[in-house]
Amino acid sequence: MKLLAISDLHVGYAKNRELLAEITPRPDDWLILGGDLGETDDHLRWVIDTLGPRFAKLVWVPGNHELYVHPDDKTKGAPRGEARYQRLVDICRAAAVLTPEDPYVTWTGDGGPHLIAPLFLLYDYSFRPAHVAEQDAVAWAVESGLLCSDEMLLDPHPHPSRQAWCHARVALTEARLAAAPNLPKVLINHFPMREDLVRLRWIPRFSIWCGTRKTHDWHLRFGAAVVVTGHLHIPRTDWIDGVRFEEVSFGYPRQRPASLTADQCVREILPGPPGLVHLTPSSSSGTSSSSSGTSSSSSGTSAPPAPPSEPPRA
Ligand SMILES: [Fe+2]
Ligand SMILES: [Fe+2]
């Protein structure tokens, strides 16, 4: 019984649906879905209907794309912001898919026990250089020709801004994690949880839409064994402070080698790579010795290589 993960399925692309429809059933294993499955309710339902029967359990977190509401739909009264998120949660719950609104579950399969914590945290434009003020962050990105679709399509209602929504989610989630059982945790969030994991060679200023500095030390504060994220469309494995950070994006068809299958993009989270030592809660508290940042990637998992030249569009 393994814990697996994949994110950024973007099933609006026919090629992605075609590949995902061929994914091998693994009825004993759980599958984490790390957000950006698509843009519509039907996209989410397609994923649940297609992958749900092939795995023992699905665990879901939202990406930015799921929260999009087209302006035409908004004028017709379509749910937006918090209401849009709640609608997605309801769709998941109707299919017994775990969401960030459900109690954290203890993983008792291979590599356990671990606490599985799906999170929804958004971003707050804090992944920016010190000389750029928060209110100038979007203009700073636009200067380099970048404007994330979120600015038009991700409505934070009833929060006054996406930053405010992010900070509300961070506060709520911090309290839940602080009160959670003292087990090694699998933290799951669509957005990278540390700025040093956002390495966007071609579009560096896209970083402002990629996370919040408020989660920089959560892997240590909350005893994470693994942090699972997507959004960057650059699948890789990093080790920081002895904690494994897994970027598990499937991404857009043009970002992958044509021969790559969906099975090859599914990452094993637990028990994890061979030879991995699973830390107990008491031993994991002393692992912060190397705070010098990323100790570089180990690409020895089932991750495909990062696309060499294609800029991500998360
Ligand atoms: Fe995303
Ligand atoms: Fe994405």
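A residue counts as buried here if 20 or more other C-beta atoms lie within 10 Å of its own, as exposed if there are 12 or fewer, and as partly exposed in between. Keep that idea at hand, and let us start with a helix. The model you are looking at is a predicted one.

In helix 7 (residues 162-178), the buried residues are R162, W165, C166, R169 and T173. Because they cover an arc of only 95° around the axis, they sit on the same side of helix 7. Now turn to the face that points away from this buried side: there you will find the exposed residues A171, A175 and A178. You can also check the length of helix 7. At 1.5 Å a residue, its 17 residues should span 24 Å, and the C-alpha atoms at its two ends are 24 Å apart, so expectation and model agree.

Next, have a look at helix 4, which covers residues 82-94 and includes E82. Is E82 buried, exposed or partly exposed? It has 16 C-beta neighbours inside 10 Å, and therefore counts as partly exposed. Leaving aside residues up to four places away in sequence, E82 touches H157 and P158. The pair E82 and H157 shows nicely how a chain can fold back on itself: 75 residues separate them in sequence, while their C-alpha atoms are 6.3 Å apart in space.

Now for the sheets. One of them is an open sheet built from 6 strands in the order 4-5-6-7-9-8, with mixed pairing. At its edges are strand 4 (105-107) and strand 8 (236-240), each of which pairs on one side only. From one strand to the next, the twist averages 25°. To see what mixed pairing looks like, compare two pairs of strands. Strand 6 (residues 185-188) and strand 7 (residues 224-229) pair in the parallel sense over 4 bridges, and V186 has V226 of strand 7 as its bridge partner. Strand 8 and strand 9 (residues 243-247), on the other hand, pair in the antiparallel sense over 5 bridges; here T237 has E246 of strand 9 as its bridge partner.

Strands 8 and 9 also form a hairpin, with 2 residues between them. In the turn, D241 has a positive phi of about 55°. Although strand 8 is an edge strand, 4 of its 5 residues are buried, so strand 8 is largely enclosed by the rest of the structure.

Another open sheet has 4 strands in the order 3-2-1-10, again with mixed pairing. Which strands stand at its edges? They are strand 3 (55-60) and strand 10 (267-270); each has a single partner strand, so one side of each is left without a neighbour in the sheet. On average, neighbouring strands of this sheet are turned by 30° against each other, direction ignored. Strand 10 is joined to strand 1 (residues 3-6) by 3 bridges, and the two run antiparallel. Within that pairing, L4 has E268 of strand 10 as its bridge partner.

The loops hold some details that are easy to miss. Most residues other than glycine have a negative phi, and most peptide bonds are trans. With that in mind, follow the loop between strand 5 and helix 5 (137-143), where L122 lies. The phi of L122 is near 60°, a positive value in a residue other than glycine. Y125 is found in the loop between strand 5 and helix 5 too, and its phi, near 65°, is also positive. Are these residues buried or exposed? L122 has 27 C-beta neighbours inside 10 Å and so counts as buried; Y125 has 24 and therefore counts as buried as well.

There are cis peptide bonds to find, too. One joins G112 and P113, with omega at about 0°, and P113 belongs to the loop between strand 4 and strand 5 (114-118). Another joins L270 and P271, with omega at about 5°; P271 is in the loop between strand 10 and helix 10 (281-284).

Finally, a word about confidence. The protein averages a pLDDT of 90, and 87% of the residues score at least 70. Over residues 279-312, however, the pLDDT is below 50. Beyond near neighbours in sequence, this stretch has 62 contacts in the model.

Technical notes:
Residues are numbered from 1 along each chain as its sequence is written. Chains are lettered from A and ligands numbered from 1 in the order in which they are written. This is a predicted model: local features need pLDDT of at least 70, side-chain atom pairs count only at pLDDT 80 or more; totals for chains, interfaces and linings use all residues. Two strands pair if DSSP finds at least two bridges between them. Axes are lines fitted to C-alpha atoms, for helices over the stretch in contact, and angles run from 0 to 180 degrees between N-to-C directions. Two residues are in contact if their C-beta atoms, placed from the backbone, lie within 7 Å. The expected span of a helix is 1.5 Å times one less than its number of residues. The arc is that of the directions from the helix axis to the C-beta atoms. pLDDT is the predictor's confidence in each residue, from 0 to 100.
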